[in-house]
Amino acid sequence: MELSGSEILVQFLKDEGVEFIFGYPGGAVLHIYDALHQQDDVKHILVRHEQGATHAADGYARATGKPGVALVTSGPGATNAITGIATAYMDSIPMVVISGQVPSGMIGSDAFQEVDAIGCTRPCVKHNFLVKDINKLADTLKKAFYVATTGRPGPVLVDLPKDITAPQIKVPYKYPKKVSMRSYNPTVKGHPRQVKKAVEVLLSAKRPIIYSGGGVILGNASEELRKVTHKLGFPITETLMGLGGFPGTDKQNLGMLGMHGTYEANMAMHDCDVLFAVGARFDDRITGDTSKFCPHATIIHIDIDPASISKTINADIPIVGEVKTVLSEMVKILAEKDLPKSRSSALESWWKKIESWRKQDCLAYDKTSKHIKPQSVIETLYEVTGGDAYITSDVGQHQMFAAQFYKFDKPRRWINSGGLGTMGFGLPAAMGVKLAFPNSDVACVTGEGSIQMCIQELSTCLQYDLPIKVINLNNRYLGMVRQWQEFFYEKRYSHSYMDALPDFVKLAESYGHVGIRVEDPADLQSAMEEAFSLKDRLVFLDVITDQTENVYPMIHAGAAHNSMEISPQHKKKLGAINPDGELA
Amino acid sequence: MRHIISLLVENESGALSRIAGLFSARGYNIESLTVATTEDPTLSRMTIVTIGSDRIIEQITKQLNKLIDVVKLQDMTEGNFIEREMMFVKIRAEGESKRSEIQRLSDIFRARIIDVTDSTFCVELTGSGGKLDAYIKTLHDGDVIEIVRSGSMGITRGVKALTL
Ligand SMILES: Cc1ncc(C[n+]2csc(CCOP(=O)(O)OP(=O)(O)O)c2C)c(N)n1
Ligand SMILES: [Mg+2]
């Protein structure tokens with residue numbers, strides 16, 4: 001089969017099983033758009049900004065586990081895509097971005113819409129390729145998908161000069177089924193001796209905790225994690241990226257840890273004698289002050305990326321390998337062991353201590369307020385969706401409330417920008433999710449600040465009939481910024497007030513959607529129900545929330561896990577707590 | 001500690017910038033970096049001299065290994081190895097006594113004079129970084145016109161080799 005470069009690209013995407021490609025046309029990719037026009041196997045979704053294309057591809061990838069694909073033009077198209085590429089990079093999301101480039105002969109001449117896309121994206125891609133020879137196009141695309149999806153996943157950019165895609169030049173095409181790259185062999189199996197050693201240490205632990213991260217989700221290892229955790233009977237805490245890796249409603253789950261983690265999770269981290277880190281990378285929002293991190297613990301760490309091990313925190317038992325294979329190996333070893341039926345007395349008293357922390361109810365908030373509390377919005381969202389929706393979020397207080405109050409029982413349901421913390425991620429990411437799962441509830445929890453960063457995608461949602469529910473926690477503040485200013489800058493609220501906000505209800509309507517505003521706590525439940533009852537409409541729920549609410553608990557940057565700023569409600573209970581932090 | 005890391009990398013246009021970019025993005029030191037193609041034209045060999053604590057060096061080697069273009073890596077400092085650097089020095093050499101003094105010094109260091117004019121010598125010298133430093137020290141500051149140093153290259157002693 002003789003095909004042009006554009007036809008090769010489109011045919012390859014089809015052969016690779018790509019359903020959707022999120023993109024925006026321009027001069028350098030016009031040949032490709034012409035080829036896209038002549039088929040309908042690969043569905044192109046026209047976004048309204050290239051940042052939206054990369055976030056949508058990213059959301060699709062996070063929800064499905066399949067690589068997301070974006071197509072952008074050269075120059076401004078490529079630079080607009082970078083925020084989305086960096087977002088995917090920080091969270092290890094498999095994604096392939098095709099960028100147009102000026103014709104090969106003009107590269108380096110400051111041609112119209114020329115930008116060095118390879119150079120610009122180099123620090124935020126897993127790898128990138130400039131295609132210089134049409135005969136290598138198919139192989140390069142295959143390599144791009146292979147690199148993006150294997151090992152520790154990540155975004156890969158393929159830069160395609162316009163002459164490579166010209167309709168006049170045709171070469172034979174065959175789908176490359178296999179790739180071989182001598183310089184890239186992602187490790188998969190953990191070292192058997194290390195795995196055995198880890199199990200021994202786990203079984204002799206007195207105050208253990210499992211700390212699981214995004215690697216469990218990315219590596220499709222939740223089933224194995226559930227088995228190991230249940231078998232061991234240990235408490236488990238999840239990172240922001242790991243939520244849903246273990247059922248959120250399970251008694252063994254202490255909730256999220258870290259800066260805005262639960263009291264019980266952070267206290268247990270501080271006191272544990274064995275820390276079992278599974279696909280987590282000891283990010284600074286988790287560790288706080290590294291010198292005070294888990295001061296008594298032997299640390300076991302499973303990660304697919306050797307560079308993640310002992311990067312910020314030294315691992316005593318490092319295991320480099322796929323989380324899924326290592327955990328199933330552990331399941332096997334544990335099954336062969338003759339474990340006592342009931343918990344050891346040490347574990348029993350550890351749980352007792354944990355329960356006393358848990359009883360303090362660190363997430364309690366004022367339920368008598370005449371303002372709508374953001375926490376109650378998430379609780380209502382949880383009830384109305386039966387806890388089974390795909391929730392995307394933006395970045396700020398609303399993101400933390402969603403993470404704390406929506407109990408994710410399944411992986412890939414919680415979709416947020418954890419590593420880069422990209423405001424503007426939520427809405428386009430929700431588009432990718434809704435396209436993948438049209439029959440599931442998809443909600444974007446956002447704030448009036450974040451939503452305005454990619455609001456233009458409301459137009460895309462209309463064009464492709466994407467009935468997402470946008471839950472706008474409208475506190476008229478860049479709330480998370482305001483919170484830091486309240487705590488650390490003596491309430492000098494420098495540029496964190498959102499003045500001159502649009503009327504979001506009218507805005508939604510002008511985009512052709514339904515807008516509903518809620519101001520009274522009494523109306524919240526019915527408004528939420530109404531939003532989800534309108535099955536085939538995008539509903540923008542503008543919830544006017546309490547402006548002064550803060551996210552608690554909070555570990556101040558650089559503090560230890562056992563020194564948390566706690567909520568006023570939590571403080572009230574402290575009267576009944578002894579100096580060890582246990583309820584009397 | 002000072003480490004000499006040798007790499008075999010894909011002979012691709014972007015490879016050098018990925019490696020240099022890694023060092024600048026993560027704030028690692030580069031004392032010197034040399035690169036040239038090998039007997040296999042698809043591979044380049046790079047020698048990087050860097051300084052850092054054990055933890056940093058471990059990160060550097062892991063991060064380098066993670067780069068798709070890096071095919072193989074060896075930290076020379078972990079075993080016995082030979083290190084050499086090459087240097088050219090252009091020296092002001094006017095008057096008989098000065099010229100013979102430079103010649104004598106160069107003999108002691110086994111340096112070779114590779115270019116001569118009425119007023120200058122150009123000297124070539126190979127050795128460890130320390131030896132090159134010592135040679136420069138023997139010259140009077142005002143006499144040195146230009147110095148070109150190659151940066152270090154390293155190779156392991158014995159049968160062990162960094163090959164595919
Ligand atoms: C693109 C981008 N710019 C700036 C920030 C810094 N930032 C983090 S949270 C936040 C406030 C977000 O405000 P809003 O979306 O209203 O959410 P809220 O905290 O009020 O819930 C800002 C500005 C960011 N994360 N991303
Ligand atoms: Mg806000």
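Student: What makes an atom a donor of the magnesium ion (ligand 2), and which ones coordinate it?
Tutor: A donor is an N, O or S atom within 2.8 Å of the metal (3.2 Å for Na, K and Ca), and water is not among the atoms, so sites may look incomplete. Glu448(A) (OE), Glu448(A) (OE), Asn475(A) (OD1) and Tyr477(A) (O) coordinate the ion at 2.1 to 2.5 Å. These distances lie within 2.8 Å, so the atoms count as donors. The model is predicted: local features need pLDDT of at least 70 and side-chain atom pairs pLDDT 80 or more, while totals for chains, interfaces and linings use all residues. Residues are numbered from 1 along each chain as its sequence is written, chains are lettered from A and ligands numbered from 1 in the order in which they are written, and side-chain values use heavy atoms, leaving out hydrogens and water.

Student: Why is the arrangement around the magnesium ion (ligand 2) called irregular?
Tutor: Six donors count as octahedral if opposite donors are over 155 degrees apart and all others between 65 and 115; four count as tetrahedral if all angles lie between 85 and 135 degrees, or as square planar under the rule for six, and anything else is irregular. Here the six donor atoms subtend angles of 52 to 175°. An angle of 52° fits neither range for six, so the arrangement is irregular.

Student: Where along the chain do the donors of the magnesium ion (ligand 2) lie?
Tutor: Their spacing is E-x26-N-x1-Y. Glu448(A) is in the loop between β17 (442–447) and α17 (457–463) of chain A, and Asn475(A) is in the loop between β18 (469–474) and α18 (479–488) of chain A, so the pair ties together parts 27 residues apart in sequence. Helices (H or I, at least four residues) and strands (E, at least two) are DSSP runs numbered from the N terminus. Glu448(A) and Asn475(A) are both buried.

Student: How do you know whether Asn266(A) is buried or exposed?
Tutor: Buried means under 20% relative accessible area, exposed over 50%, and partly exposed in between (1.4 Å probe, protein chains only). Asn266(A) has 0% relative accessibility, so it counts as buried. This residue lies in helix α10 (residues 263–271) of chain A. Leaving out residues up to four places away in sequence, Asn266(A) touches Leu257(A), Gly258(A), Gly261(A), Ile555(A), His561(A) and Met564(A), where contact means heavy atoms within 4.5 Å.

Student: Why is Thr298(A) called partly exposed?
Tutor: Its relative accessibility is 29%, which is neither under 20% nor over 50%, so partly exposed is the class that fits. Thr298(A) lies in strand β13 (residues 298–303) of chain A. Asp316(A) is 18 residues from Thr298(A) in sequence, with 6.1 Å between their C-alpha atoms.

Student: What is the phi of Asp110(A), and what is that of Arg110(B)?
Tutor: Phi is near 55° in Asp110(A) and near 50° in Arg110(B). Most residues other than glycine have a negative phi, and most peptide bonds are trans. Asp110(A) is in the loop between β5 (95–101) and α5 of chain A, and Arg110(B) is in the loop between α3 (96–108) and β6 (112–116) of chain B. Asp110(A), at 74%, is over the 50% limit and so exposed. Arg110(B), at 73%, is exposed as well.

Student: Which peptide bond is cis, with omega about -10°?
Tutor: The one joining Tyr552(A) and Pro553(A). Pro553(A) is in the loop between β20 (539–544) and β21 (554–555) of chain A.

Student: What makes a space a cavity, and how many of 30 Å³ or more are there?
Tutor: On a 1 Å grid over the protein atoms alone, a cavity is a set of points where a 1.4 Å probe fits but cannot get out; a pocket is an open set with protein on both sides within 12 Å along at least five of seven lines, and lining residues have an atom within 4 Å of a point. There are three such cavities. The largest holds about 70 Å³, a volume being the space filled by probe spheres set on points joined across faces, edges and corners. Its lining has 13 residues, and Leu363(A), Ala364(A), Gln375(A), Tyr552(A) and Ser567(A) lie nearest its centre.

Student: How large is the second largest pocket, and what lines it?
Tutor: It holds about 820 Å³. The lining has 33 residues, with Asn128(A), Phe129(A), Leu130(A), Lys132(A) and Glu12(B) nearest the centre. β6(A) gives the largest share, four residues.
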